[in-house]
Amino acid sequence: MPRIRVLPPDVVGKIRAGEVIDRPAAVAKELIENAIDAGSRLIAVHVGAAPERLIRVQDDGGGMTRDDAVLSIKRHATSKLNEESDLTSIRTLGFRGEALASVAEVSRLTLSTRSAEELTGTQVEVLGGTLIQVSGVGRAVGTTVVVEDLFFNTPARLRFLKSRDAETRALSRVVWSYILTTPGIHWRFHVDGKEDVDLPPAADFLERWSVVYGRGGSPDAGVPFEGELGGLFLRGVLGTPDQARANRDHQFFAVNGRVVSSPTVGAALRQGYGNLIPSDRYPIALLLVELEPSLVDVNVHPTKREVRFRDESRVFQATRAAVEEAMRRYVPAGVGAGIGTGATGRPFAGVDVVANPGEKGIDPNAGRAGGSGGGGDLARPPSEQPLLDGLELARTLYAPPESLGPDVAREGESGDLREGLAEPEIAIWQLHDRYLLAPIRGGLVIIDQHAAHERILYEEARERLFGSGGPSQHLLFPRLIDLTRDELDALLLHEPHLKRLGYEVSLFGERQIAVRGVPASIPEESAIDALKRLLLSAEDADASGDPPEERIAKTFACHAAVRSGQTLKPVERRALVDRLFATGLPHGDPHGRATYVRVSMEELDRRFGRR
Ligand code: ADP
Ligand code: MG
């Protein structure tokens with residue numbers, strides 16, 4: 001590697017200012033990028049239980065001479081940039097010469113290194129930006145950087161850190177993104193009490209990908225792809241449509257080896273999947289773009305987290321075409337479960353209807369757990385809520401008409417609406433497989449079938465979760481599900497909750513679980529779908545601040561409920577309406593959206609000019 005030198009002021013002036021070290025993840029990113037730039041074949045990352053207390057990155061790259069080691073922690077000291085013109089042809093991950101200096105300024109940093117040119121290594125210790133000591137050490141060629149007590153001298157920044165778990169997760173994502181993009185590097189990654197992996201070099205991207213996203217060896221492990229279009233090289237691994245997620249957390253992009261976020265690439269990726277996945281979901285993917293360095297500006301963002309392409313639309317077109325082409329070739333190994341699209345928007349938003357028949361409006365906090373002693377229905381302990389048990393719901397919502405006794409949903413009636421529906425023969429229409437229309441005394445009620453079922457299942461789930469659990473329906477054939485590491489963690493954490501809901505789950509091999517029972521109230525397919533979503537969304541758990549039971553009840557209800565677009569048999573419509581008005585709070589779904597609107601006769605009369 002060329003010698004380090006301090007950049008002349010005119011070059012410094014061209015550089016987007018400030019390497020921002022805002023959290024432990026940023027430290028890991030810089031140290032890892034340096035290790036990769038140094039040509040390392042092995043990189044070992046060790047993180048303490050509190051990541052701001054200890055991060056160590058060790059590599060077997062080219063190392064530094066004594067002189068360079070001392071220079072490396074100075075600002076704008078770099079071996080990667082010489083001339084200002086180099087800024088348009090950057091092939092390394094670093095180039096500003098600021099990272100080590102910025103980290104050293106806000107931590108206790110110890111750098112030990114040796115280059116092949118020297119027989120002894122050098123150890124440099126810096127405390128809060130002040131050089132404390134330079135000494136000789138015996139060591140192998142390569143570099144080890146230890147960062148301790150990050151932000152010890154900037155307490156304000158320390159206070160801004162998120163929870164230990166959140167910081168560890170962010171750091172972990174950085175490390176894993178580089179693990180995924182560099183299959184040729186041997187990685188060791190250890191987080192005290194959390195993570196411990198040793199990954200020898202992999203044959204290709206797919207093999208590395210499978211370490212995280214499972215299904216190794218199966219044709220459904222992921223869709224590897226590779227393509228070239230007018231000087232733009234694209235390759236990576238695309239997740240199968242059934243692996244799609246509710247957020248973009250599992251999309252990894254790299255441009256010329258640098259892990260970045262790119263709205264352009266993200267949008268192209270999504271479009272490449274077309275309607276293979278529902279519109280509110282995102283594919284998981286590893287996507288690497290390689291192009292002439294002069295065609296991309298890496299100097300636009302202070303943390304180099306984003307890049308700008310000279311020709312964004314070309315990158316977009318090429319990426320979309322490559323993804324589309326790869327997904328055309330993909331044939332699922334098994335029979336995929338159909339995923340409907342969820343209901344969107346408020347029903348009849350533009351129509352002036354009488355929305356809230358009771359005195360109570362739709363409580364925007366309907367989803368919040370009770371316990372604060374407020375006056376709402378949900379403040380009551382769940383056991384007092386007028387609910388039927390799961391088996392009964394199964395009978396009412398999915399069973400043949402005989403079992404639908406007139407009394408099934410009678411108890412716990414709320415409001416005048418049910419009364420209006422008293423006649424069992426009254427037809428309930430289904431409009432465009434989305435809304436149920438039912439005549440009531442004094443008008444018409446229009447029910448959002450998904451939102452209504454969501455409310456029903458939500459209350460039932462809360463009852464089970466806060467209570468002693470509900471019945472399970474044994475599956476004739478256990479269902480095997482592949483899980484990622486995060487999902488497996490979530491499963492272990494929430495096992496008791498899932499059990500109370502009615503799931504019977506056991507570990508089945510390293511990354512697989514066997515589902516032997518599902519909550520008795522819902523069809524197997526919906527139950528499995530809901531389980532997958534529960535494990536997925538567990539990652540967002542601490543963001544919401546809700547108790548886990550509350551979050552689980554909401555997620556379960558949302559994904560187990562009948563969907564917009566699903567045709568319901570007359571008996572199912574009937575059961576849904578009856579069950580809705582037997583819930584404690586029928587007006588809104590758990591997110592506070594309306595479950596029904598009422599149109600009064602007066603309203604209709606007025607519109608038809610009858611009064
Ligand atoms: P930059 O990476 O932008 O050049 P840094 O502050 O991250 O700036 O690093 C300064 C210099 O220290 C680098 O240019 C490189 O020469 C040297 N260096 C840093 N880390 C390593 C490492 N792990 N192995 C070898 N050299 C390193
Ligand atoms: Mg660097």
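**A buried glutamine, a strand pair and a ligand shell**

Gln449 is buried, with a relative accessible area of 0%. In this predicted model, Gln449 belongs to helix α12, which spans residues 449-466. The side chain of Gln449 makes a polar contact with the backbone oxygen of Arg563, at a distance of 2.7 Å. Once neighbours within four places in sequence are set aside, the residues in contact with Gln449 include Gln430, Asp433, Arg434, Tyr435 and Leu436. A further group of its contacts comes from later in the chain, among them Val562, Arg563, Ser564, Gly565 and Gln566. Leu568 and Leu576 are also in contact with Gln449.

One of these contact partners, Asp433, deserves a closer look. Asp433 sits in the loop that runs between β18 (429-431) and β19 (435-440). Its phi is positive, about 50 degrees, although Asp433 is not a glycine. Whereas Gln449 is buried, Asp433 counts as partly exposed, at 24% relative accessibility. The cut-off for a buried residue is under 20% relative accessible area, so Asp433, at 24%, is placed in the partly exposed class. Asp149 also has a positive phi, near 50 degrees, and is a residue other than glycine. Asp149 is likewise found in a loop, here between β8 (142-148) and α5 (155-160).

Attention can now turn to the strands around β12. Strand β12 covers residues 232-238 and is mostly covered, with 5 of its 7 residues buried. Strand β11 (residues 223-229) pairs with β12 in the antiparallel sense, over 7 bridges. Within this pairing, Pro224 stands opposite Val237 of β12. The hairpin of β11 and β12 has 2 residues between the strands, and in it Gly230 adopts a positive phi near 50 degrees. β12 also pairs with strand β15 (residues 285-290), again in the antiparallel sense, over 6 bridges. Here Leu234 has Val289 of β15 as its bridge partner. β12 thus has pairings with both β11 and β15.

The model also contains ligand 1, which is surrounded by 20 residues. The closest of these are Asn34, Thr78, Ser79, Lys80 and Gly97. Two secondary-structure elements, β4 (77-78) and α4 (99-105), each supply at least two residues of the shell. By residue class, the shell around ligand 1 divides into 8 nonpolar, 8 polar and 4 charged residues.

Several polar contacts can be followed individually. A nitrogen atom of ligand 1 is 2.8 Å from an N or O atom in the side chain of Asp59. On the backbone side, an oxygen atom of ligand 1 is 2.9 Å from a polar atom of Phe95, and a polar backbone atom of Leu100 is likewise 2.9 Å from an oxygen atom of the ligand. The protein covers 98% of the 530 Å² of accessible area that ligand 1 has on its own.

These local views belong to a chain of 611 residues, of which 52% count as buried. The chain contains 18 helices and 24 strands. Among contacts between residues at least 6 apart in sequence, 72% join residues at least 24 apart. The chain exposes about 27000 Å², and carbon and sulfur atoms supply 52% of that area.

Conventions. Residues are numbered from 1 along each chain as its sequence is written. Chains are lettered from A and ligands numbered from 1 in the order in which they are written. This is a predicted model: local features need pLDDT of at least 70, side-chain atom pairs count only at pLDDT 80 or more; totals for chains, interfaces and linings use all residues. Side-chain values use heavy atoms; hydrogens and water are left out. A residue is near a molecule or strand if one of its heavy atoms lies within 4 Å of it. A polar contact is a pair of N or O atoms within 3.5 Å; within protein, one must be able to donate a hydrogen and the other to accept it, and residues adjacent in sequence count only if both atoms are side-chain atoms. Accessible areas come from the Shrake-Rupley method with a 1.4 Å probe; for residues, only the protein chains shown count as cover. Helices (H or I, at least four residues) and strands (E, at least two) are DSSP runs, numbered from the N terminus. Ala, Val, Leu, Ile, Met, Phe, Trp, Tyr, Cys and Pro count as nonpolar, Asp, Glu, Lys and Arg as charged, and the others, Gly among them, as polar. Buried means under 20% relative accessible area, exposed over 50%, partly exposed in between (1.4 Å probe, protein chains only). Contact means heavy atoms within 4.5 Å. Two strands pair if DSSP finds at least two bridges between them.
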